[in-house]
Amino acid sequence: MDINSKDNNKSEYSSSEKTIEELLILEEARKLKTVFLDNMSHELRTPITVILGYAGILYEEIQDPELKEMAEIVLKSSNRLTESLNLLLDQSDVDSNRLKVAFEKKDLKLLLTEIYNIYKPIAEDKNLEIFFNTELNQANSNIDVKMFNKVITNLLNNAVKFTEKGRIGLELFSDNSNGTNFYCIKISDTGIGIPEEKRKLIFEAFRQVSEGMNRIYQGTGLGLSVSKKFVELMNGDITVESEVNIGSKFTLKFPSIL
Ligand code: ADP
């Protein structure tokens, strides 16, 4: 009996020792991943910036239609690489808790108008209607402009990407329902929709509704995970409603200030 209990203690001790060792290995791996991503980001960012710059010049200068088309492909591909790299870095910052929020009082209506003006031609290029509706004159909130812009850009990017016909909507309104004043931003589309069982999962890093080698849409699967974290850091909230083949509606809420 005694021997048994001794053995039990011994095995318990060695298993907890192993757990600490495992934790240390995990922590070391996490640190290495952060250092690796930081180094890689610098190594990748410099050449991508050069490619992007020259591709832009070539696209403007080249007259021959066939060559111009090639320059356009190089330009679009390097833009995509830059976006993916930026998302990877944002996710790395999220993972290592290095994010600092630079709060500023900003008018959300102004910020949304600027982003809407960028997305209008992108949506129309795909033959999609797009509108921005608000009855507010001003919508002040304490936010981090860079984070806010990234969140709206990610959501509008997805709306355009996952919609083949119909329209994309951007709406801004105030909500005083729970005794607290919020500004709500709705980004809606008439695209493929998201099945109910996948709606929670899409906010996790690297997760997509269609995954694996047979996935149809391009993307890193990081946009929504990074967006959710950014919104929460700005004391906001993000939710999704969706119906397959009808469309999706993402709602953001930010506390309002005078
Ligand atoms: P990515 O778009 O790079 O795949 P996200 O994190 O932005 O990554 O989105 C995760 C997944 O959520 C997408 O791959 C897609 O399956 C689903 N999704 C996001 N937005 C929409 C949308 N507006 N309509 C349909 N599906 C969407």
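This report covers the ligand site and the strand pairing of a predicted model.

## Ligand shell

The ligand has 19 residues around it. Asn-158, Asp-189, Gln-208, Val-209 and Leu-224 come nearest. By class, the shell holds 8 nonpolar, 8 polar and 3 charged residues.

Three elements each give the shell at least two residues. They are helix 4 (145-161), helix 5 (223-233) and strand 7 (247-255).

## Polar contacts and burial

Asp-189 uses its side chain: an N or O atom there lies 2.9 Å from a nitrogen atom of the ligand. Val-209 uses its backbone, with a polar atom 2.9 Å from a ligand oxygen. Leu-224 also offers a polar backbone atom, 2.8 Å from an oxygen atom of the ligand. The protein buries 95% of the 530 Å² that the ligand exposes when taken alone.

## Strand pairing

Strand 4 (residues 167-175) pairs with strand 2 (residues 129-134). The two run parallel, joined by 6 bridges. One pair of bridge partners is Ile-130 and Ile-168, the latter in strand 4.

Strand 4 also pairs with strand 5 (residues 182-189), here in the antiparallel sense. This pairing spans 8 bridges. Asp-175 stands opposite Phe-182 of strand 5.

## The hairpin turn

Strands 4 and 5 form a hairpin, with 6 residues between them. Gly-179 sits in the turn and has a positive phi of about 80 degrees.

Key. Residues are numbered from 1 along each chain as its sequence is written. This is a predicted model: local features need pLDDT of at least 70, side-chain atom pairs count only at pLDDT 80 or more; totals for chains, interfaces and linings use all residues. Side-chain values use heavy atoms; hydrogens and water are left out. A residue is near a molecule or strand if one of its heavy atoms lies within 4 Å of it. A polar contact is a pair of N or O atoms within 3.5 Å; within protein, one must be able to donate a hydrogen and the other to accept it, and residues adjacent in sequence count only if both atoms are side-chain atoms. Accessible areas come from the Shrake-Rupley method with a 1.4 Å probe; for residues, only the protein chains shown count as cover. Helices (H or I, at least four residues) and strands (E, at least two) are DSSP runs, numbered from the N terminus. Ala, Val, Leu, Ile, Met, Phe, Trp, Tyr, Cys and Pro count as nonpolar, Asp, Glu, Lys and Arg as charged, and the others, Gly among them, as polar. Two strands pair if DSSP finds at least two bridges between them.
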